[in-house]
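Reader: Got a minute to go through this one with me? I'd like to start with the ligand and then wander a bit.
Author: Sure, here it is.

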Amino acid sequence: MTKPVLRVQDLAVRFKSFSGGLLQRKERWIRAVDGISFELHSGETLGIVGESGSGKSTLARAILGLLKPSRGRVMWLGEDLTTLDEEAMRQRRKELQIVFQDPVASLNPRMTAGDIIAEPLWTFYPNMARLQVEERTRGMMKMVGLLPNQINRYPHEFSGGQCQRIGIARSLVLNPRLVICDEPVSALDVSIQAQIINLLKDLQKKLGIALIFIAHDLSVVRHISDRVMVMYMGQAMEVSQKTDLYLRPLHPYTNALMKSVAIPDPKLARQARQDSWLTGDMPSPYMRPKGCIFHDRCPYRVKRCEADVPALRRMESGDWVACHRAEDLDLSIQGASTGSLG
Ligand SMILES: Nc1ncnc2c1ncn2[C@@H]1O[C@H](COP(=O)(O)OP(=O)(O)OP(=O)(O)O)[C@@H](O)[C@H]1O
Ligand code: SF4
Ligand SMILES: [Mg+2]
């Protein structure tokens, strides 16, 4: 097997905040990302899923060097990005790109589609001939399913889905080797979501890039992912091959997310609602539960779960899970659809 292009090792990011008034000001920390490790190969897609606040975007930003981690390493092609100075990191950014959640808000309304897509070329290759830039920009527009003659239009003249295509073209214009898509479809209509997911999947196949695709919902990442990492309060609960995860999740939290996916059959949907036990919200990031971080929402918890932290460990299948009871729980998905977009 080829070497991974990206190796994330025990990555952690903390944010400082203050509670209380001026006189009783108390420092406190949020562990937004707390010891995440995984590898990614060229041409592979890792889906990352978790509820709001689970640390997905923070992880993405730390990998891209947009945030300083408090611990851990981001090994890109064998080089630790966390130790690079600003200029060296700027050079690596050509290879590492991001697609944002809100396509309309993330595009500069005063720039034309062509200028938005071409901007990274001007930044990194200021001496590139104008004609060459235009040719490349039109080529990118075609590649993402936009008409090259729309090059001089402004973002407000495009639909949400088309704006996301502009964002994708911009992220690919420098021929990156890793693209992180941070909830690229959650602001779009369901009918458009599948088109964008299919586009990303086709482009990835064609270009052989490594892709990280972040979403709230397991159904969104199913079509595009080879492996899926499920995050909860900054930690990985499970990292499994897609084929394993959607048939038999290993972690109770994955199982809960699976059950919250829309089920087309009304009878099965009713049953799933009755079975559903992912109640309440995630605990406050300032009050992290002891032991298993998921224990206060887990119906399978035993005494040990309240005190011992389950390590993320490798199962015989090669999948990874952080649960004391992974061997004795059978969380196979029977009947309930794990419907996929795309
Ligand atoms: N700049 C910041 N300062 C302080 N806390 C932050 C900051 N950015 C994120 N956080 C906190 O870190 C935690 C993880 O946030 P993050 O945005 O990474 O989650 P997420 O999984 O991307 O959520 P969502 O699905 O809503 O986008 C949250 O508790 C959030 O409030
Ligand atoms: S370790 Fe215990 S509380 Fe945590 S997910 Fe597993 S069974 Fe549930
Ligand atoms: Mg986010």
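Reader: By class, how many nonpolar, polar and charged residues are in the shell around ligand 2?
Author: Bear in mind that this is a predicted model. The shell around ligand 2 has seven nonpolar, three polar and two charged residues.

Reader: Which residues are around ligand 2?
Author: The cysteines are Cys 292, Cys 298, Cys 305 and Cys 323, and the histidines are His 251, His 295 and His 324. Pro 252, Phe 294, Tyr 300, Arg 301 and Arg 325 complete the list.

Reader: And where does ligand 2 sit?
Author: In the largest cavity. That cavity has a volume of about 90 Å³.

Reader: What lines the largest cavity, and which residues lie nearest its centre?
Author: There are 14 lining residues, and those nearest the centre are Pro 252, Cys 292, Cys 298, Cys 305 and Cys 323. By class, the lining splits into nine nonpolar, three polar and two charged residues.

Reader: Is Cys 292 buried or exposed?
Author: Buried. Its relative accessible area is 9%, and the cut-off for buried is under 20%, so Cys 292 falls on that side.

Reader: How many cavities of 30 Å³ or more does a search of the whole structure find?
Author: Three. The general idea is that rolling a probe the size of a water molecule over the atoms shows where empty space is left.

Reader: OK, how much space lies in the second largest cavity?
Author: About 40 Å³. Its lining is made of Ile 168, Ser 171, Leu 172, Val 179, Leu 200, Leu 203, Gln 204, Ile 209 and Leu 211.

Reader: Which elements give two or more residues to that lining?
Author: Helix H5 (160-172) and helix H6 (190-207).

Reader: How does the lining of the second largest cavity divide by class?
Author: Seven nonpolar, two polar and no charged residues.

Reader: Back to the cysteines. How many disulfides does the structure hold?
Author: Zero. Take Cys 181, which is in no disulfide: the nearest cysteine sulfur belongs to Cys 163 and is 16 Å away. A disulfide needs the two sulfur atoms within 2.5 Å.

Reader: Is Cys 181 buried or exposed?
Author: Buried, with a relative accessible area of 0%.

Reader: New topic, backbone angles. Which phi does Leu 77 have?
Author: A positive one of about 50°, although Leu 77 is not a glycine. Leu 77 is in the loop between strand S4 (71-76) and strand S5 (79-80). At a relative accessible area of 41%, Leu 77 is partly exposed.

Reader: What about the phi of Met 233?
Author: Met 233 also isn't a glycine, and its phi is positive at about 50°. The loop in question runs between strand S9 (227-232) and strand S10 (235-241).

Reader: Does Met 233 count as buried or exposed?
Author: Buried, at 4% relative accessibility.

Reader: Last one, Gln 132. Where does that residue lie?
Author: In helix H4, residues 130-143. Gln 132 is partly exposed, with a relative accessible area of 45%.

Reader: And what separates the C-alpha atoms of Gln 132 and Val 221?
Author: A distance of 36 Å, with the two residues 89 apart along the chain.

Key: Residues numbered from 1 in each chain as written. Chains lettered and ligands numbered in written order. Predicted model: local features only at pLDDT ≥ 70, side-chain atom pairs only at ≥ 80, totals over all residues. Heavy atoms only, no water. Near = heavy atom within 4 Å. 1 Å grid on protein atoms, 1.4 Å probe; cavity = no way out; pocket = protein on both sides within 12 Å on 5 of 7 lines; lining within 4 Å. Sits in = over half its atoms within 2 Å of the grid points. Nonpolar A, V, L, I, M, F, W, Y, C, P; charged D, E, K, R; others polar. Points joined across faces, edges and corners; volume = space filled by probe spheres on them. Helix = DSSP H or I, 4+ residues; strand = E, 2+ residues; numbered from the N terminus. Buried < 20%, exposed > 50% of the residue type's maximum accessible area, 1.4 Å probe, protein only.
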